[in-house]
Amino acid sequence: MATKETPKHDALVAELKNRFGAKILDVDRSYDDCAVVVEKGAIHDVLAFLKNERRFNLLLDVAGVDCMKLPTFRERFEVVYMLYSIPDDLRVRVEVPVSELDMDVPTATDLWKSANWGEREAFEMFGFNFVGHPCLKRLLTHHEFVGHPLRKDYPLMGGQWCATTSDMTEELNEPR
Amino acid sequence: MGVRDSGFVGIETKNETGLITTRLDEIVRWGRKNSLWPLPFGTACCAIEFMGVVSSKFDISRFGAELVRFSPRQSDMILVAGTINYKLAPVLKKIYDQIAEPKYVISMGACACSGGFYDNYATVQGIDQIIPVDVFIPGCPPRPEAILHAVMKLQERIDKEPVPKRGVHRRHEVVEKFRDN
């Protein structure tokens, strides 16, 4: 339920539907937000359109969702991109349903540099394979950690001991 | 049994109720408790609270614990202030091992004592799973007065323990054997 009129979102949604047609699977306008559910095949085109032609120059975060426990869902996972346009002062959320059997998602690092670590975190927590990512490895968990902890089938209090320290020499010596 | 058999300096007789100690032990204990040099192993918000304790209003220097040394080689008390996660656990163990005997451990705050409100895949549920702890300070964060109380409690604890022969016994094993609950 929208509590106030957001004409800029209306215009954006109309334009997206116009341009991408059936690839926009759903639009969610509740709570004055604007969320667009996009098919996985068209996600890079949609993000490129939003960045290059609609001035969404800030990618705030890349998140993942495990929909396993929800009452209805399209696919088990979703990747969510949160975008903000500084010149237009506009926020939009782009959601992509991702099947458990095919976890390849095209990367957004060629559009926004902040997608680098955002996608690394989403990969670490859920297991998405971001195709074309320059360095897709773990970010927050320790090097002996096994599994993807934010999935719903990972035990909620499942801590794993780490027996060895790891230093950052390989990260420091990495080529830029 | 003789003094040489037990290997302890200054213990004249051993009986069920306690120990008779000499002046030398008292002097050593007095020196140790009044010159605790903390290693603030601060990882989160409790470290900020500890910074308040070392500044002038609450002044941990009154208890002799003014010289914070961030090197385990130069300190004798490790004050774990903040959340310890599984990634940091081997580092904490390594730092603790590098401190010379006698060493004391204070666990400050809810996260260090029991994992706090982080009961998840990343947080160690209490540092006593990794290293032996002398004093636990509950609180999130604990008041500076509570931290000073913990230092005083540690001083009281140091007052009661035997002074083992140098280099022979690890302090925590000795304290376990002579603990009177």
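Here follows a short exchange about a predicted model.

Visitor: Why is B:Ser61 called partly exposed?

Guide: B:Ser61 has 13 other C-beta atoms within 10 Å. A residue is buried at 20 or more and exposed at 12 or fewer. The count of 13 lies in between, so B:Ser61 is partly exposed.

Visitor: Where does B:Ser61 lie?

Guide: In chain B, the loop between helix H3 (45-54) and strand S2 (77-81) holds B:Ser61. Its C-alpha atom is separated by 21 Å from that of B:Gly109, 48 residues apart along the chain.

Visitor: What makes strand S1 (24-28) and strand S3 (58-66) of chain A edge strands?

Guide: Each of these two strands pairs on one side only. They belong to an open sheet of five strands in chain A, with the order S1-S2-S5-S4-S3. Pairing in this sheet is mixed. The twist averages 20° from one strand to the next.

Visitor: How do you know that S3(A) pairs with strand S4 (residues 77-85) of chain A?

Guide: Eight bridges join S3(A) to S4(A). Pairing needs at least two bridges, so these strands pair. They run antiparallel. One of the bridge partners is A:Val80 in S4(A), matched with A:Ala63.

Visitor: Which helix packs on the sheet, touching S1 of chain A?

Guide: Helix H1 (residues 7-20) of chain A does. H1(A) also touches strand S2 (35-38) and strand S5 (90-98) of chain A. The direction of H1(A) makes about 170° with that of S1(A). Angles run from 0 to 180 degrees between N-to-C directions, so H1(A) and S1(A) point in nearly opposite directions.

Visitor: What angle does helix H3 (residues 115-126) of chain A make with S3(A)?

Guide: H3(A) runs at about 10° to S3(A). This helix lies across S3 and S4 of chain A.

Visitor: How many helices and strands does chain A have?

Guide: Chain A has four helices and seven strands. Along the sequence the pattern is α-β-β-α-β-β-β-β-α-β-α. The C-alpha atoms fill a box of roughly 55 × 40 × 30 Å, taken along the principal axes.

Visitor: What share of chain A counts as buried?

Guide: Of its 176 residues, 26% count as buried. Take next the contacts in chain A between residues at least 6 apart in sequence: 50% join residues at least 24 apart.

Visitor: How many residues does each chain bring to the contact between chain A and chain B?

Guide: Chain B brings 10 residues and chain A brings 11 residues. On the side of chain B, six are nonpolar, one is polar and three are charged.

Key: Residues are numbered from 1 along each chain as its sequence is written. Chains are lettered from A and ligands numbered from 1 in the order in which they are written. This is a predicted model: local features need pLDDT of at least 70, side-chain atom pairs count only at pLDDT 80 or more; totals for chains, interfaces and linings use all residues. Two residues are in contact if their C-beta atoms, placed from the backbone, lie within 7 Å. Ala, Val, Leu, Ile, Met, Phe, Trp, Tyr, Cys and Pro count as nonpolar, Asp, Glu, Lys and Arg as charged, and the others, Gly among them, as polar.
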